[in-house]
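New to this one? Let's walk through it with some questions and answers.

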There are 2 protein chains.
Amino acid sequence: MKILIKNIAEIYTMDNKVIKDGYIIIENNKISEVGSYIYEDNNNYDKIIDAQDMIALPGFVNTHTHSAMTLLRGYADDLPLDKWLKEKIWPLESKLTAEYIYWGTKLALVEMLKTGTTTFTDMYFQMHKIAEAVAESGMRAVLSQGLIEENDGQDGLKKAKQFTENWNGEAEGRITTIMGPHATYTCSPDYLEEIAEIAANLNVGITIHVAETKKETEIIKNKYNCSPVKYLEKINLFDVPTIAAHCVHISKEDIQILKNYNVGVSHNPMSNMKLGSGIAPIDDLWENGVNVALGTDGVSSNNNLDMIEEARFASYLQQVKNNNPTVMDIETLLKMLTIKGIEILQLNNLGIIKEGFIADLILINMKNNPVFYPQHNNLSNLIYAAKGYDVSTVIIDGKIIMEEGLIKTLDEKKIYNKVNEIISKLV
Amino acid sequence: MKILIKNIAEIYTMDNKVIKDGYIIIENNKISEVGSYIYEDNNNYDKIIDAQDMIALPGFVNTHTHSAMTLLRGYADDLPLDKWLKEKIWPLESKLTAEYIYWGTKLALVEMLKTGTTTFTDMYFQMHKIAEAVAESGMRAVLSQGLIEENDGQDGLKKAKQFTENWNGEAEGRITTIMGPHATYTCSPDYLEEIAEIAANLNVGITIHVAETKKETEIIKNKYNCSPVKYLEKINLFDVPTIAAHCVHISKEDIQILKNYNVGVSHNPMSNMKLGSGIAPIDDLWENGVNVALGTDGVSSNNNLDMIEEARFASYLQQVKNNNPTVMDIETLLKMLTIKGIEILQLNNLGIIKEGFIADLILINMKNNPVFYPQHNNLSNLIYAAKGYDVSTVIIDGKIIMEEGLIKTLDEKKIYNKVNEIISKLV
């Protein structure tokens, strides 16, 4: 398959170039050429996309979600955290079968593709069904079986190990697996050490919730007399490449530890705000050279998977925290949406529109959309005024997965009907 | 003109009712019937809308914007406030002709209609051109000529008075005019008193920026040894019905003053966050019974006019401020988007879907839209997951202004072209 995308208004390559009136050629799953004139040779392509009035970007990377939680969207809002979890979320989650999770994931995949996400990180259960849905959809994903010691124990470790082995590199290489201990307060030091050992042996990474709430930091302080970050350092978890989700309640010393071990931070501002968890010190993390990217968290606390909206919240939240409108700029946000996500997930050959890189990219149509006028700065209009649904075309691994808003790999209507059917049985 | 809207999945009437499988009949510009069964008599209507899978709501009310500032969208982001205003915004604004403002307003009208706003409040200059654009568009608006003493002086007062007289009640009653002193720090006590007197004589209201920034409160403290709110009370401005925009830096005493004088507060969270102005105490205002509604501010500091996004920011910002996810619930947000806006603008017979009320309403299509699945709570999905662009149909003053996303009163493409043409001359 050889694809030409021509007449692209602006290509943000993410290696410090903006190409105007550009073109991209894709051969098989890789970018074979990127240039800046209008390409004339129209004869040798299986597919030509005319991208006039469009922006091309690497696809968005969602570095933290629980995709099947789409099933819980709107089920429990505006409640105190404890009541929300114990009386609503956990009881419903306990009823989720593998089949339900499969369809909930498919609903999330529809939403992610429509809003321009090409790679996402997931931590949940029944992960083999999530992997199946990902494989069918054409999406790229980094998947981890969530582990809560009390619920999952040694049996969970075995299952997680098996899932990690079985699915790593599957779906033409689009699936990467990592280990997923849930959090510092739900896994003992021994359990975390076992998980880190499995990860090291399998040569995979780890993702874990870290310092999401004040309560968590108090629990760890009481038990181990240190911060959650320090605790994880002490038990050598960070010897394994780690993605730490949230990092809301962290100290300057914690930031230094995250930097020293090259821990990637997944910032989830909308979830942190909606649940009243707090404001992560993204300004300090960024200044200290820690890799930060964006995540949506699950939609029971967000309640959508639109990464552009997430970026806008990330920006405005840091500005108001600092009473300073210059803390985060558009370029920083674009990096957090794309290349920084690839970096913290430690994926290779992705996140840049450049010869030899894997073709995961999106096209945004600016035409006839009021938020793209006037055209002082298309990137500003994209990040500060547009929405994920303005993404028109999604290419993953060199394949056109969505074209002009139509997803080719998933049957949307069937998914909506299935989800409604599931909910009528569940609630 | 007699319109039947039938098969409506849910009608949020805003007088404490949710009608399922409902219908609405509109005769001329008023709602003549609202009910809860499927209406069968299809013979006597000029127009029948089948609203299956749709939500009906009163239209959104944007209580503070400067609509022609669409022309500045994306022109100056991520800058310190002073530099932003003095080096970018003001120099460009000084070049805006009446004709440019007319087209900038039209661009804003396209965006507002597409995102479900049926009434907006504006403060700017060349207001007669803004009024002309509003009249043509079918929109409802509360318009004020902005007055900065140093720039506008006595001549400005005359012009503003004339505009207020000429346009009040025009466009079949869709235009209401009020007086628009810019702010406490740009108008002297004498000037503000003159404006209040004109407003009282013309029997119209006032809108003014109040306590937007910390700097403003310091200026007023130094000059008059009190807060901006107290200052306005002292000079009896609040004897005139007032809409106070922003109210970020206010004390408990200020809140009591706002309550005592029934001052309406226009909360603009996205602008306050993006400019780093601060977090308005909406929780305290609401608890103390002050009327609060939402506004977008101009798009040079937002950068869009989507009221659903504004409501989401309002909610999540108060939750994170309080470290408490129960501070604002969906019902409160829906009120702030609709009926509370009507109340603070002191408009009559609007904001409720009820027999005898003026027909300003919107329909949101939930079908084939992933964020509306599953259907645990359609209102939650609308406020926490959807976007203004999910509004399908807009009816204002009994007329169908937008149907299935198509605006009938404005030529979108012509507006986009005109705006690009203007910018090419301006910048």
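## Domains, copies, helices and odd bonds

In this predicted model, the C-alpha centres of domain 1 of chain A and domain 2 of chain A lie 29 Å apart.

Q: Which residue ranges make up domain 1 and domain 2 of chain A?
A: The domain assignment splits chain A into two named domains. Domain 2 is 60–344, while domain 1 is 2–58 + 355–407.

Q: Which element of chain A gives the largest share of the side of domain 1 that touches domain 2?
A: The contact takes 23 residues from domain 1 of chain A and 23 residues from domain 2 of chain A. On the domain 1 side, the elements giving two or more residues are strand 5, strand 15 (391–396), strand 16 (399–403) and helix 14 of chain A. The largest share is 4 residues, and it comes from helix 14 of chain A.

Q: How many nonpolar residues are on the side of domain 1 of chain A that touches domain 2 of chain A?
A: Sort that side of domain 1 of chain A by class and you get 3 polar and 4 charged residues. The nonpolar count is 16.

Q: What kind of axis relates the two copies, chain A and chain B?
A: In general, two copies of a chain are related by a rotation about an axis and a shift along it. Here a turn of 180 degrees and a shift of 0.0 Å along the axis lay chain A on chain B with an RMSD of 0.0 Å. The copies are thus related as by a two-fold rotation axis.

Q: Why can we say that the copies meet through the same surface?
A: The contact takes 54 residues from chain A and 54 residues from chain B. The copies meet through the same surface because the share of chain A's interface residues that are also interface residues in chain B is 100%.

Q: Which helix supplies the largest share of the side of chain A that touches chain B?
A: Several helices of chain A each supply at least two residues of that side: helix 2 (98–114), helix 9 (269–274), helix 11 (307–322), helix 14 and helix 15 (412–426). By class, the side of chain A that touches chain B has 26 nonpolar, 18 polar and 10 charged residues. The largest share, 6 residues, comes from helix 15 of chain A.

Q: What span should the 14 residues of helix 5 of chain A have?
A: Helix 5 of chain A covers residues 189–202, and the reckoning uses 1.5 Å a residue. The end C-alpha atoms are 20 Å apart, which agrees with the expected span of 20 Å.

Q: What arc do the buried residues of helix 5 of chain A cover around the axis?
A: The buried residues in helix 5 of chain A are A:Y191, A:L192, A:I195, A:A196 and A:A199. They sit on the same side of helix 5 of chain A, whereas A:D190 and A:N201 are exposed on the other side. What covers the buried ones includes strand 8 (140–147), helix 4 (149–167), strand 9 (175–181) and strand 10 (206–210) of chain A. The arc is only 135 degrees.

Q: Which residues of helix 6 of chain B are exposed on the other side from its buried residues?
A: Helix 6 of chain B (residues 214–224) has B:E216, B:T217 and B:I220 buried. Those three fall within an arc of 95 degrees, so they line one face of the helix. Their cover includes helix 7 of chain B. On the other side, the exposed residues are B:E218 and B:N222.

Q: Is A:D53, with its positive phi, buried or exposed?
A: Most residues other than glycine have a negative phi. A:D53 is not a glycine, yet its phi is positive, about 65 degrees. It lies in the loop between strand 4 (47–50) and strand 5 (54–58) of chain A. With 20 C-beta neighbours inside 10 Å, A:D53 counts as buried.

Q: Where is B:N236, another residue with a positive phi?
A: B:N236 is not a glycine, but its phi is about 65 degrees. With 14 other C-beta atoms within 10 Å, B:N236 is partly exposed. Its place is the loop between helix 7 (228–234) and strand 11 (242–246) of chain B.

Q: Which residue does a cis peptide bond join to A:P374?
A: A:P374 is in the loop between strand 14 (361–365) and helix 14 (378–385) of chain A. The cis bond there has an omega of about -10 degrees, and the residue it joins to A:P374 is A:Y373.

Methods. Residues are numbered from 1 along each chain as its sequence is written. Chains are lettered from A and ligands numbered from 1 in the order in which they are written. This is a predicted model: local features need pLDDT of at least 70, side-chain atom pairs count only at pLDDT 80 or more; totals for chains, interfaces and linings use all residues. A residue is buried if 20 or more other C-beta atoms lie within 10 Å of its own, exposed if 12 or fewer, and partly exposed in between; C-beta atoms are placed from the backbone. Copies are superposed by least squares on the C-alpha atoms of residues with pLDDT of at least 70 in both. Two residues are in contact if their C-beta atoms, placed from the backbone, lie within 7 Å. The expected span of a helix is 1.5 Å times one less than its number of residues. The arc is that of the directions from the helix axis to the C-beta atoms. Ala, Val, Leu, Ile, Met, Phe, Trp, Tyr, Cys and Pro count as nonpolar, Asp, Glu, Lys and Arg as charged, and the others, Gly among them, as polar. Domain bounds come from an automatic or database domain assignment.
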